Amino acid sequence: MGIAAIILAGGRSARLGGVHKPALEVGGASILDRVAGAARRAAPGAAIVIAGSAEGLRDLASTTVVREDPPFGGPFAGVAAALPAVGPDAHAVLLLGGDMPRLTPGLLTTLLAAAGERPAVARDAASRLQPLCSAWPATVLRARIRAAGPPANLPLRALLEGVDPVAVDAPAGALDDVDTPGDLARARRDA
């Protein structure tokens, strides 16, 4: 059985003037390349499903691109749109934000190992769970999407309702995302 990675890359990037954040370069590669690369190193042969735009992704091998319905319907809608593109043989699904340039293959490998019967979700230094860095048993993720009802504009945290996720401590900085010009400057400086 296989592993798939859903990468959410469909936001409006309003705080960055509408620029497609995943296509921005950090350390010589687009953020989307960095996220997809971490997933491919953590799970060689994983199918990659991009919810949104694949702009900035250099390697489209084993990649499917879908659009949430309605467009810009939010991250939950992105997951709902991407899940049908995950093959029926996938037993685990990485769920990743497309604006997290410091994700590491090691963290993703740890999440996959921790996700048995329930999801494993990365936890930051302030003990907050980050559902955009998680590993899910495919059957559990499908059940949560079905149970939630219409996905448009639902908060992503709705995925975690009624489940008891395994919390996995993330290395410092691994969950940093790029939302503002300051975030981008920090990511480029630290790359």
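## Sheet architecture

Two strands are taken to pair if DSSP finds at least two bridges between them. On that basis, this predicted model contains an open sheet of seven strands with mixed pairing. The strand order runs β5-β4-β1-β6-β8-β7-β9. From one strand to the next, the twist averages 25 degrees.

Strands β5 (63-66) and β9 (166-169) form the edges of the sheet. Each of these has a single partner strand, so one side of β5 and one side of β9 are left without a neighbour in the sheet. In general, strands of a sheet pair through backbone hydrogen bonds, in either the parallel or the antiparallel sense.

## Pairing at the β9 edge

Strand β7, comprising residues 120-123, pairs with β9 in the parallel sense. Four bridges connect β7 and β9. Within this part of the sheet, A122 has V168 of β9 as its bridge partner.

## Largest pocket

The largest pocket encloses about 610 Å³ of space. Its lining consists of 28 residues, and those closest to the pocket centre are G11, R12, K21, P75 and D99. Three elements give two or more residues to this lining: β1 (2-9), α2 (75-82) and β8 (129-137). Strands β1 and β8 also belong to the seven-stranded sheet, with β6 between them in the strand order.

Classified by residue type, the lining of the largest pocket holds 12 nonpolar, nine polar and seven charged residues.

## Second largest pocket

The second largest pocket holds about 280 Å³ of space. A total of 17 residues line this pocket, and D124, R128, L129, Q130 and L175 lie nearest its centre. Strand β8 supplies the largest share of the lining, with four residues. Strand β8 is likewise among the elements that give two or more residues to the lining of the largest pocket.

The lining of the second largest pocket divides into 10 nonpolar, two polar and five charged residues.

## Aromatic and charge contacts

How many aromatic pairs does the structure hold? The count is zero. For such a pair, the ring centres would have to lie within 6.5 Å.

A contact between a charge and a ring is nevertheless present: the charged end of R67 sits over the ring of F72. The distance from the charged end of R67 to the centre of the F72 ring is 4.6 Å.

Conventions: Residues numbered from 1 in each chain as written. Predicted model: local features only at pLDDT ≥ 70, side-chain atom pairs only at ≥ 80, totals over all residues. Heavy atoms only, no water. 1 Å grid on protein atoms, 1.4 Å probe; cavity = no way out; pocket = protein on both sides within 12 Å on 5 of 7 lines; lining within 4 Å. Points joined across faces, edges and corners; volume = space filled by probe spheres on them. Nonpolar A, V, L, I, M, F, W, Y, C, P; charged D, E, K, R; others polar. Axes fitted to C-alpha atoms, helices over the stretch in contact; angles between N-to-C directions. Phe/Tyr/Trp six-rings, centres within 6.5 Å; stacked < 30°, edge-to-face > 60°. Lys NZ or Arg CZ within 6 Å of the ring centre and 35° of its normal.
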